Structures are given as C-alpha cells and as structure tokens.
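Reader: Please walk me through one part of this structure in detail, beginning with a single side chain and working outward through the helices around it. Plain statements will do.

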Amino acid sequence: VNNPRTLERVGTAAVWLLIIVGVGASLSRYLLPAALHAQIARPLYSEFARDQLPVLAAHPVPELLHRVGGSIYLLLGATQFMPRLRARHLTLHRWCGRAFLALTLLAGSTGVFMALAFPYDAEETAPTVLFGTIMVGCGVMAYVRARRREVARHREWVMRCFSVGLGISTIRLIFVGLLYTTSLPMRTKYVVSFWLGWTLTLLAAEAWIRLSRAPQAVGVPAG
Ligand code: HEM
C-alpha cells in the first residue's frame, strides 16, 4: 500500500475493528444473557473461558472497572482523534483528554492488579506490567506535551498510549489464530499472544507516527 491516503484508510478501518473487538469482548459479559455469553466465549477462548472467566467474575468490582473503564477508554480515544471534533470543540477535547488520562490509569492499574492478584498464567505478569507501564507513561507524556502546547508531540504520545489499549484486541485476534493453527500448550498460546499482540500494535503505531510526521523544512542548496 504505497499511497498514504489508502494506508490511512486501511489503518482507520483496522483501528475500528480493534475497537469493536475490545468493546465487544468487554461489554458482552454484561449485555448478553449469561448462557449466550458462555456459548460465544467457548470457541473463542477455549479453556480460558472455562477456567479463568469464572475467576474474573468472582472479583466483580475490578472486573467491572476494567471492562467498562477499558471500553470507554477505547471509544473516547477514537473520538479524540477526529480532526473536526477537535477543531470545533477544543474545550470538550481538553476535558475528554483529561478523562482519557484517568481511564488510562484505571484500565492500566486494574489490568496490572488482576495479573498480580489472580493471573491465568504467572508468565502474563511480565508483559502486563511492562505494557501497562508503557501505556500509563505515554498517557502522562501526552498530557505534559499538551500542557506545553506541543500539539504534534502530544498527538504522537496519545497514539502510542492508545496503541497499547488497542493491543488488547490484537492479543485476542492472535490468540484465536494460534488456537486454531497450532498445537502449542494453551498457556503458551495465551502468553505468546500477550507479547506479540502488544508489540505488533505498538510497532504499527510507531511506524504510522514516523510516516505521518510533518516533513521538516529542508534548506534548498544554493546554486
Ligand atoms: C484499555 C482497554 C482495555 C480493555 C477494553 C480491556 C478488556 C479486558 C477484558 C474484556 C478482559 C477479560 C477477558 C475477556 O473477557 O476477554 C480483560 C482482562 C485482563 N486485562 Fe484488560 N483491557 C484493557 C486494557 C488492559 C491493559 C492496559 C492491561 C495491562 C495492564 C490489561 C490487562 C488485563 C489482564 C491482566 C486481564 C486478566 C487476564 C487474566 O485473567 O489472565 N488490560 N481485559
């Protein structure tokens, strides 16, 4: 895909797909009847559905904060990138930005808490703490750049932060892929999808940031 406009369209479609996957995975637990939710989760999550979803449900407060906070984070994040909304309603953009930072802290901290307190596999703790910290760090950097009115840098840090949030959907897509194409042990599939999902999404965001950076003014050589 050489044309930047085409690349932008493909990227936007991919981002919306990831948002739908993330919000769907989160809210289906509350919006669907329990039996239907369990029926859908089984082929997508395999043993994780049987072994770990009941563990999460046994801790309803962190589960609710994480699922609902994470969903609002994804939806709010998407609207924050809409240029027309930003240009016409700057004050709203600023307040939503503060809420987005609070949700970043909420989703990150509850995620780290769950990985430490009742993990499915002990090896998920390392990627969770690492990428949770990256997400919160990038969110704080985005806020600092916004306060300094460094708009271009602010945009880049929000993209990095948001890519970690979107990564939770890439993780789920990779997990389903591994589930049906490999015979690795279940927990290996799970941990591999954590590392791969977050790394690939963060790299894709970094590539897009570099491609879409405004070109620096280049001096024209005399003569
Ligand atoms: C920001 C958007 C996020 C959303 C929408 C989200 C969504 C979810 C959902 C739906 C679950 C329950 C499992 C499932 O039904 O699929 C979950 C579990 C979990 N999430 Fe998140 N999440 C987000 C961010 C994060 C972040 C940033 C971290 C890392 C710090 C994280 C770490 C975890 C962990 C460790 C679990 C429990 C997994 C287990 O039990 O092994 N999440 N998340």
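Author: Valine 192 counts as partly exposed, because its relative accessibility is 31%, a value between the 20% limit for buried and the 50% limit for exposed. The model is a predicted one, and what follows should be read as a description of that model. Valine 192 belongs to helix H10, which covers residues 186-212. Its C-alpha atom is 8.1 Å from that of phenylalanine 175, although the two residues are 17 apart along the chain.

Phenylalanine 175 leads to helix H9 (151-181) and to its packing against helix H2. The axes of H2 and H9 are 9 Å apart and make an angle of about 70°, so H2 is roughly perpendicular to H9. On the H2 side the contact is formed by Pro43, Leu44 and Tyr45, and on the H9 side by Arg172, Phe175, Val176, Leu179 and Tyr180.

H2 itself runs over residues 34-45 and contains histidine 37. Histidine 37 is buried, because its relative accessible area is 14%, which is under the 20% limit. Beyond its neighbours within four places in sequence, histidine 37 contacts Ser28, Arg29, Leu32 and Leu53. Serine 46 sits in the loop that joins H2 to helix H3 (47-51). Serine 46 is not a glycine, yet its phi is positive, at about 50°. With a relative accessible area of 24%, serine 46 is partly exposed.

Back on H9, there is also a contact with helix H1. Valine 21, which is part of H1 (residues 4-31), touches Ser169 and Leu173 once residues up to four places away in sequence are set aside. Valine 21 can be placed relative to arginine 187 as well: the two are 166 residues apart in sequence, and their C-alpha atoms are 21 Å apart in space.

The loop between H8 and H9 holds arginine 149. Arginine 149 is another residue other than glycine with a positive phi, here near 60°. Its relative accessibility is 56%, so arginine 149 counts as exposed.

H9 also packs against helix H5 (60-80). The angle between H5 and H9 is about 140°, and their axes are 10 Å apart; the two helices are therefore oblique to each other. Their crossing is left-handed. The residues that meet are Tyr73, Leu74, Gly77 and Ala78 from H5 and Cys161, Phe162, Gly165 and Leu166 from H9.

H5 is also where histidine 66 is found. Through its NE2 atom, His66 is the only protein donor of the iron atom of the ligand, at 2.0 Å.

H5 and H9 are both among the helices that cover the buried residues of H7, as are H4 (53-57), H6 (83-88) and H8 (125-147). H7 has 28 residues, 90-117, and spans 40 Å from its first C-alpha to its last, close to the 40 Å expected at 1.5 Å a residue. Its buried residues are His93, Cys96, Phe100, Leu101, Leu103, Thr104, Ala107, Gly108, Thr110, Gly111, Met114 and Ala115. As background, residues three or four places apart in an α-helix point the same way, because there are 3.6 residues a turn.

How values were computed
Residues are numbered from 1 along each chain as its sequence is written. This is a predicted model: local features need pLDDT of at least 70, side-chain atom pairs count only at pLDDT 80 or more; totals for chains, interfaces and linings use all residues. Side-chain values use heavy atoms; hydrogens and water are left out. Helices (H or I, at least four residues) and strands (E, at least two) are DSSP runs, numbered from the N terminus. The expected span of a helix is 1.5 Å times one less than its number of residues. Buried means under 20% relative accessible area, exposed over 50%, partly exposed in between (1.4 Å probe, protein chains only). Contact means heavy atoms within 4.5 Å. Donors are N, O and S atoms within 2.8 Å of the metal (3.2 Å for Na, K and Ca); water is not among the atoms, so sites may look incomplete. Axes are lines fitted to C-alpha atoms, for helices over the stretch in contact, and angles run from 0 to 180 degrees between N-to-C directions. Angles under 35 degrees count as roughly parallel, over 145 as roughly antiparallel, 65 to 115 as roughly perpendicular and the rest as oblique. A crossing is left-handed if the near helix is turned anticlockwise from the far one by less than a right angle, and right-handed if clockwise.
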